[in-house]
Structures are given as structure tokens and as C-alpha cells.
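Here's a quick tour of a protein with its bound ligands. Have a look at the model first, then read on.

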Amino acid sequence: MEYDSLNPDDTYELAKKLGQQAKAGDVICLIGDLGVGKTLFSQGFARGVGIEEYVNSPTFTIVQEYEGTDDRRLKLYHFDVYRIEDSEEMEEVGFTDMIYGDGVSLIEWADMISDILPDKYTKVTIEKNLEKGFDYRKIVVTEIG
Ligand code: ADP
Ligand code: MG
């Protein structure tokens with residue numbers, strides 16, 4: 001699926017919808033350059049999952065865990081792997097247990113750990129196109145595996 005996001009709200013609302021549809025065990029991989037809106041997407045997605053806390057990039061912790069407050073009580077594992085040196089660091093924070101666990105995992109910069117991604121995940125790429133304006137983003141959602 002391909003979406004044209006014309007402003008931050010479009011991205012937030014699309015992500016929120018995907019969060020509302022999320023199920024335990026889902027893994028969402030966010031791919032795109034610095035400043036395209038991965039964290040904003042994560043905030044909308046988290047809202048859809050039922051998270052009421054403020055969600056920010058877990059820059060110094062690799063992963064931040066949240067729990068939804070609606071009936072589903074879904075856990076959300078929000079990763080930002082930008083500063084990862086090698087995949088072993090991911091194991092140290094419990095990556096495998098989390099992605100194969102009973103929560104939903106959302107991974108910013110997932111392309112940096114492509115060697116340890118599961119066989120099945122939802123890939124979300126976000127790209128700018130300055131010809132279409134400063135706030136334009138193309139968002140492509142693909143089911144892998
Ligand atoms: P990333 O996590 O990819 O580095 P952020 O989500 O932190 O990016 O920042 C994205 C920035 O781009 C925000 O300041 C946001 O307001 C801005 N922005 C402008 N237009 C859009 C859009 N269509 N979708 C998402 N973010 C947008
Ligand atoms: Mg970010």
C-alpha cells in the first residue's frame with residue numbers, strides 16, 4: 001500500500017490506524033532517513049495501540065517498553081537502533097524475546113539490523129520528495145514474508 005502524506009497529521013493518523021489494527025506478535029520496521037517522520041509515525045502508532053504516555057525516540061536506551069490502556073492491554077516495544085554497532089547489542093537488550101513475544105514491536109532504522117529481522121514483518125518506508133513540497137512524504141507499507 002502506498003500513501004501520500006501531505007503533513008505531519010496525515011502521517012500520525014495513518015500510523016494510528018495501523019496501531020489500532022495491530023496484534024500481539026506484530027513487528028513493524030520503519031525505514032527512512034533522519035527527519036522523515038519515523039518517530040512521529042511511532043507516536044501515532046503508539047496512540048493507536050492504546051498507549052497514553054508520551055512516546056519519544058528511545059535514543060539512549062535502544063528500546064522503550066509501553067503498555068496500552070485499552071481492553072487489549074497490548075505491550076509496545078519501541079526500538080531505535082540507529083546507534084547499534086552490531087547485532088549482539090540487540091540480544092543484550094532482549095530483542096529476540098521481545099519480537100517473538102506477546103507485544104507489538106516497532107523498530108526505527110530497522111534496515112541497520114536487517115540480518116536479525118524475523119521472516120515476517122510489516123515494512124514501512126517513509127521518503128521525502130522535495131518536488132512535492134517540504135512536508136510531503138511517500139509512505140509505503142509492505143507485508144514481508
Ligand atoms: P525521524 O524519527 O525519522 O528522524 P521525526 O519524526 O523525529 O523524524 O521528525 C520528523 C519531522 O518532520 C517532524 O518535525 C515533523 O513535524 C516533520 N514533518 C513535516 N511533514 C511531515 C510529514 N508529512 N510526515 C511526518 N513528519 C513530517
Ligand atoms: Mg526518530
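## The overall fold

Helices and strands here are DSSP runs, with at least four residues for a helix and at least two for a strand, and they are numbered from the N terminus. Keep in mind that this is a predicted model. Going by that definition, the protein has 4 helices and 7 strands. Start at the N terminus and you'll read them off in the order β-α-β-α-β-β-α-α-β-β-β.

How compact is the protein for its 145 residues? Its radius of gyration comes out at 14 Å, close to the 15 Å from the globule rule, so the protein is as compact as a globular protein of that length. If you'd rather think in terms of a box, the C-alpha trace spans about 40 × 35 × 30 Å along its principal axes. As for the inside, 46% of the 145 residues count as buried.

## Around ligand 1

Ligand 1 has 15 residues around it, and the ones that come nearest are Thr11, Gly35, Lys38, Thr39 and Asp135. By type, that shell splits into 4 nonpolar, 6 polar and 5 charged residues.

Now for some polar contacts. Thr11 puts a polar side-chain atom 2.6 Å from a nitrogen atom of ligand 1. The backbone joins in too: a polar backbone atom of Gly37 sits 3.0 Å from an oxygen atom of the ligand, and one from Leu40 is 2.9 Å from a ligand oxygen atom. How much of ligand 1 does the protein bury? On its own the ligand exposes 570 Å², and the protein buries 73% of that.

Two elements give two or more residues each to this shell, namely helix H1 (8-21) and helix H2 (38-49). H2 provides the largest share, with 3 residues.

## The magnesium site

Which residues coordinate the magnesium ion, ligand 2? Thr39 does it through OG1 and Glu108 through OE, at 2.2 to 2.5 Å. Thr39 belongs to helix H2 and Glu108 to strand S5 (residues 104-108), so the pair ties together parts of the protein that are 69 residues apart in sequence.

Are these two residues buried or exposed? Both Thr39 and Glu108 are buried. Thr39 is worth a second look, as it also turns up among the residues that come nearest to ligand 1.

Technical notes: Residues numbered from 1 in each chain as written. Chains lettered and ligands numbered in written order. Predicted model: local features only at pLDDT ≥ 70, side-chain atom pairs only at ≥ 80, totals over all residues. Heavy atoms only, no water. Near = heavy atom within 4 Å. Polar contact = N/O pair within 3.5 Å; in protein donor to acceptor, adjacent residues only side chain to side chain. Areas by Shrake-Rupley, 256 points an atom, 1.4 Å probe, with all protein chains shown as cover. Nonpolar A, V, L, I, M, F, W, Y, C, P; charged D, E, K, R; others polar. Donors = N, O, S within 2.8 Å, 3.2 Å for Na, K, Ca; no water. Buried < 20%, exposed > 50% of the residue type's maximum accessible area, 1.4 Å probe, protein only. Rg over C-alpha atoms; globule rule 2.2 N^0.38 Å.
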